[in-house]
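Colleague: Please take a close look at one loop. Then work outward from there, one step at a time, and show me the reasoning.

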Amino acid sequence: MKKFELTGEFVTNIFEKKLFRIRALVAFGNVEAGELGGYVEKEENLSDDGNAWVSGDAWVYGNARVSGDAQVSGDAQVYGDAWVSGDAWVYGNAQVYGDAWVSGDAWVYGNARVSGDAQVSGDAWVYGDDDILQITGLGTVHRTTTVFRTTDGIRIACGCFYGDLDAFREQVKNTREGKVQCEYLAFADLVEIYFGEEEEDE
């Protein structure tokens with residue numbers, strides 16, 4: 001069932017693409033029928049399944065997609081090939097772009113930026129620049145490794161690995177060797193310095 005439509009009201013982004021305000025056609029989640037939402041470039045930006053919604057003055061455009069029960073609100077922007085899914089929230093002035101994924105119960109808000117191949121998931125909460133650390137180019141496939149705060153402390157997402165700093169170091173020691181192992185272990189040391197007392201308190 002189609003849950004929203006594009007209205008005639010639009011804004012133009014810096015790429016001169018029109019983004020259209022959306023209107024709910026039916027009631028779902030916390031959204032009432034007829035309620036105006038945020039802006040999308042095309043219907044494919046927002047799933048008709050689940051309670052996903054774009055509200056306020058938020059923008060979703062490009063090949064970005066909001067699905068599941070995810071919420072994008074405030075002045076947030078989701079664009080590029082980014083995905084926001086699950087019960088995730090992106091709000092405030094936050095931006096999620098590139099090939100980034102925000103999923104699970106993750107919250108990205110304030111002036112936070114999540115980009116590249118970053119994956120923010122679980123119970124993560126990324127508020128500002130000091131809540132996330134990302135590096136691209138490590139390892140044999142030059143992947144992006146993302147570190148972020150969660151309600152349970154610091155977590156690392158790297159390929160199929162997701163866990164805390166101790167588990168990351170153990171995984172590296174057990175599965176990598178030589179230069180690649182040294183790179184990842186040096187990054188783990190940087191993570192400890194960057195997040196400081198929060199990591200030590202775990």
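Modeller: T140 counts as exposed, because its relative accessibility is 62% and the cut-off for exposed is over 50%. Keep in mind that this is a predicted model. T140 sits in the loop between β17, residues 132-138, and β18, residues 143-150. Now compare chain and space. T140 and E170 are 30 residues apart along the chain. Their C-alpha atoms are separated by 18 Å.

Next, follow the chain out of the loop into β18. Which strand pairs with β18 over 6 bridges? It is β19, and the two run in the antiparallel sense. One bridge to find on screen is T146 with its partner A157 in β19. β18 and β19 form a hairpin, with 2 residues between them. Here is the general rule behind such pairing. Strands of a sheet pair through backbone hydrogen bonds, either parallel or antiparallel.

Look at β19 itself. β19 covers residues 153-158, and 6 of its 6 residues are buried, so the strand is largely enclosed by the rest of the structure. Set that beside T140, which is exposed at 62%.

β19 has another pairing. It joins β20, residues 161-163, over 3 bridges, again in the antiparallel sense. The bridge partner of I156 is G163 in β20. β19 and β20 also make a hairpin, with 2 residues between the strands. In that hairpin, G159 takes a positive phi near 60 degrees.

A positive phi also turns up at E16, where the value is near 60 degrees. E16 is a residue other than glycine. E16 lies in the loop between β1 and β2. Is E16 buried or exposed? E16 is exposed, because its relative accessible area is 70%.

The strands on either side of E16 belong to a sheet. β1 and β2, residues 18-24, run antiparallel and are joined by 6 bridges. L6 has I22 in β2 as its bridge partner. The open sheet holds 7 strands in the order β1-β2-β3-β5-β8-β11-β14, with mixed pairing. β1, residues 4-12, and β14, residues 113-114, stand at the edges; each has a single partner strand, so one side of each has no neighbour in the sheet.

There is also an open sheet of 4 strands. Its order is β6-β9-β12-β15, and the pairing is parallel. β6, residues 65-66, and β15, residues 119-120, are at the edges with a single partner strand each, so one side of each is left without a neighbour in the sheet. β6 pairs with β9, residues 83-84, over 2 bridges in the parallel sense. R65 stands opposite W83 in β9.

R65 is also one of the residues that N45 touches. N45 lies in the loop between β3, residues 36-40, and β4, residues 53-54. N45 counts as buried, because its relative accessible area is 0%. So a loop residue can be buried, as N45 is, or exposed, as T140 is. The side chain of N45 reaches the backbone nitrogen of E41 at 3.0 Å. Its contacts beyond four places in sequence include V40, Y61, G62 and V66.

Now the helices. α1 spans residues 165-175 and α2 spans residues 178-195. They pack at an angle of about 170 degrees, with axes 9 Å apart. That makes α1 roughly antiparallel to α2, because the cut-off for this label is over 145. From α1, the contact uses L165, F168, R169, V172 and K173. From α2, it uses Q181, Y184, L185, A188, D189, V191 and E192. By type, the contact residues split into 7 nonpolar, 1 polar and 4 charged.

Pick out R169 in helix α1. R169 is buried, because its relative accessible area is 15% and the cut-off is under 20%. Beyond four places in sequence, R169 contacts L185, A188, D189 and E192.

End at the loop between α1 and α2, where E177 is found. E177 counts as exposed, because its relative accessibility is 68%. E177 and T7 are 170 residues apart along the chain, and their C-alpha atoms are separated by 56 Å.

How values were computed:
Residues are numbered from 1 along each chain as its sequence is written. This is a predicted model: local features need pLDDT of at least 70, side-chain atom pairs count only at pLDDT 80 or more; totals for chains, interfaces and linings use all residues. Side-chain values use heavy atoms; hydrogens and water are left out. Axes are lines fitted to C-alpha atoms, for helices over the stretch in contact, and angles run from 0 to 180 degrees between N-to-C directions. Angles under 35 degrees count as roughly parallel, over 145 as roughly antiparallel, 65 to 115 as roughly perpendicular and the rest as oblique. Contact means heavy atoms within 4.5 Å. Ala, Val, Leu, Ile, Met, Phe, Trp, Tyr, Cys and Pro count as nonpolar, Asp, Glu, Lys and Arg as charged, and the others, Gly among them, as polar. Buried means under 20% relative accessible area, exposed over 50%, partly exposed in between (1.4 Å probe, protein chains only). A polar contact is a pair of N or O atoms within 3.5 Å; within protein, one must be able to donate a hydrogen and the other to accept it, and residues adjacent in sequence count only if both atoms are side-chain atoms. Two strands pair if DSSP finds at least two bridges between them.
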